[in-house]
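Trainee: Could you take me through the loops of this chain, and then the helix pair that goes with them? I would like a close look, residue by residue.

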Amino acid sequence: MTMVMIVTGGKTRRLVRSKTAEVNSLSFSTPVKPTQSRESQILIGDSCARMWTSVAATFVGETITMRIGQTTIHYFHARGGSAGMMAMISVVLSAMPAVAQRPTSLDPTEALQDLPQPKVLERPAGAIARESVDEQSMRVLDHQLVACGTRLSISSWTDPKRGIGCASDKVVARLNEIARDSGGKLQVIVDKFEATAERTAGESAPLQNIYAILPGSDPKLAKTLFIVSGHMDSRPTKVMDAVSDAPGADDDASGTAVSVECARLLSKLEAGGQVSFRATILFAVVSGEEQGLLGSTHLVEWTKQQGYTVGGMLDDDIVGADSAPGGPHRVRLFSGNGDIDDCDSPSRELARAIEAIDGQAAIRMVFRLDRYGRGGDHAPFYKAGLPAVRFTEPLEDYTHQHQTPRTENGVEYGDLEKYLDFRFMGDVVRDNAEALRQLALAPAPPANVKLGGAVTPDAKVSWLAENDPERAGFEILWRETTEARWKVLEFTPNAGEIVLKGVSTDNHFFAVRAVGKNGARSIATPTGIK
Ligand SMILES: [Zn+2]
């Protein structure tokens, strides 16, 4: 069914429908009354297949201006009512037959660029301003950590001047300072545990993680945890060498400073009454990363023991430098693929959600678990099937990583403070904090999301969701199988099933996400097969 519609003043009117592919003469079921200047669109296409070619049109009094392609402009007088309009549309169609027919002739199931977009809610107001990031306090904390000499996890936990214990003291002190300013909202916990690994020489090593917790206000969502994490431990060239200096200014005093600054920014919002987070946010500083991701592996278990569901885990590791010329550059955001056919991993959905929040100008998504042959604290979460991603600076300098400070053949090795770029780190903090803010304000993601309608003309998407008075509804998302990002296909207020008329199950991927009345989106849940 070929249709011609006009979209003006936020309303769509059907002008004509025809069973033939070409429309040569038109009549209007609803006369258009152009009384003032209005940006409008003429849509020509097939309503069943949801494919539309649009032509921009402007109504000024009784004159209609239409632009076809980039160059051709036609003026028409609509005086005389429908007769004038009929003439106009006939000319348009004959002037652009290739464009008008493109959807059906090229590929009957391909998504069109100009598909009318459903109305979407604005994202939550009150975004974290870049200026509110305290670069100076990050500089101080990073310096304090470097000044501990080494932070190898199997160095001293008791010497206040040198070793991992010194680092832990500095982080706890800073978080306690922030907690004091939070009006009792932020709670600081030191979680001591032991772990045995090849890189603890097969012996049980005492370790500890530090958590600052900002409890959620929603009775159900408070058990959902959004985590930002950096690792306080560092290493020299040899991973069992507890004696040599290991400044670790970038790896990962930078990520530690990011996690701690996020705690300050977000607890301050709560303390000031600007916001009440629905879900719980955990600002983690872990140890044992260089000895085999021991702290984050323990953190996965801790969240289970505490009865939390991990809504998302943001690992910040090596986020302190941006050495390539022409900066600031985008931070890289790594996410693993998962291993389910035709379905994205929760980690990939978290990455997309973060990019959608912070923007493509801020985030460079990399669809890979981590840099090639490398690992990080998000991996134990990812392997447990939880949404977890890694932030890392744009271009790493390997002479500055995992290197005992020294100069060799004129090359200076070592992870030193002088290579840090606090402007870049400040950007990373903002991106993390804003992502956490919006995610912790969002409703729960939909559950049991299924795609049905195989071997039929219409895709059917179904999902479940618990009652939530703060939820506005759900966005049905889709994308071409070759596309990286979701687009919104439909909005619907209630959970259940939606039939996508004329949309094949076969040529797109589908997902559903929940939208709060405040505009915050859950991460998307991709459809599983029914
Ligand atoms: Zn690291």
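Mentor: Leu293 is buried, as 23 other C-beta atoms lie within 10 Å of its own; the word buried stands for 20 or more such atoms, exposed for 12 or fewer, and partly exposed for anything in between, with C-beta atoms placed from the backbone. This is a predicted model, in which local features need pLDDT of at least 70 and side-chain atom pairs count only at pLDDT 80 or more, while totals for chains, interfaces and linings use all residues. Residue numbers start from 1 along each chain as its sequence is written.

Leu293 sits in the loop between strand E10 (280-286) and helix H6 (294-305). The labels come from DSSP runs numbered from the N terminus, with helices being H or I runs of at least four residues and strands being E runs of at least two. The backbone is worth a look here too: Leu293 is not a glycine, yet its phi is positive, at about 55°.

A positive phi also turns up at Ile318, another residue other than glycine, with a value near 65°. Ile318 belongs to the loop between E11 and E12, and Ile318 is buried, with 25 other C-beta atoms within 10 Å.

Stay in that loop for a moment, since Asp322 is placed between E11 and E12 as well. Asp322 is a charged residue by class, and it is buried, having 23 other C-beta atoms within 10 Å. Which residues does Asp322 touch, once those up to four places away in sequence are set aside? Its contacts (C-beta atoms, placed from the backbone, within 7 Å of each other) are Gly327, Pro328, His329, Glu393, Pro394, Asp421 and Phe424. For Glu393, the sequence separation from Asp322 is 71 residues, while the C-alpha to C-alpha distance is 6.3 Å.

Two of those partners, Gly327 and Pro328, share a cis peptide bond, with omega near 0°. Pro328 is in the loop that runs from strand E11 (309-316) to strand E12 (331-334).

There is another cis peptide bond to find, from Asp251 to Asp252, where omega is near 5°. Asp252 is placed in the loop between strand E9 (224-231) and H5, which brings us to the helix pair.

The axes of H5 (residues 253-271) and H9 (residues 422-441) come within 9 Å and cross at roughly 50°. Here an axis is a line fitted to C-alpha atoms, for helices over the stretch in contact, and angles between N-to-C directions run from 0 to 180 degrees. H5 and H9 are therefore oblique to each other, given that angles under 35 degrees count as roughly parallel, over 145 as roughly antiparallel, 65 to 115 as roughly perpendicular and the rest as oblique. The crossing of the two helices is right-handed, meaning that the near helix is turned clockwise from the far one by less than a right angle, where anticlockwise would make it left-handed.

On the H5 side, the residues that meet H9 are Ser254, Ala257, Val258, Glu261, Cys262, Leu265 and Leu266. Facing them from H9 are Met425, Val428, Val429, Asn432, Ala433, Leu436 and Arg437. By class, this contact has ten nonpolar, two polar and two charged residues, where Ala, Val, Leu, Ile, Met, Phe, Trp, Tyr, Cys and Pro count as nonpolar, Asp, Glu, Lys and Arg as charged, and the others, Gly among them, as polar.

How many residues of H9 are buried? The count is 18 of its 20, leaving H9 mostly covered. From its first C-alpha to its last, H9 reaches 28 Å, close to the 28 Å expected; the expected span is 1.5 Å times one less than the number of residues.

One more loop is worth your time. Leu221 lies between strand E8 (205-214) and E9, and is buried, with 22 other C-beta atoms within 10 Å. Leaving aside neighbours within four places in sequence, Leu221 is in contact with Gly216, Arg278, Ala279 and Ala444. Its C-alpha atom is separated by 9.3 Å from that of Phe277, which is 56 residues apart from Leu221 along the chain.

To place all this in the whole chain, keep its nine helices and 24 strands in mind. Of the 530 residues, 46% count as buried. Among contacts between residues at least 6 apart in sequence, 71% join residues at least 24 apart.

Notes. Two residues are in contact if their C-beta atoms, placed from the backbone, lie within 7 Å.
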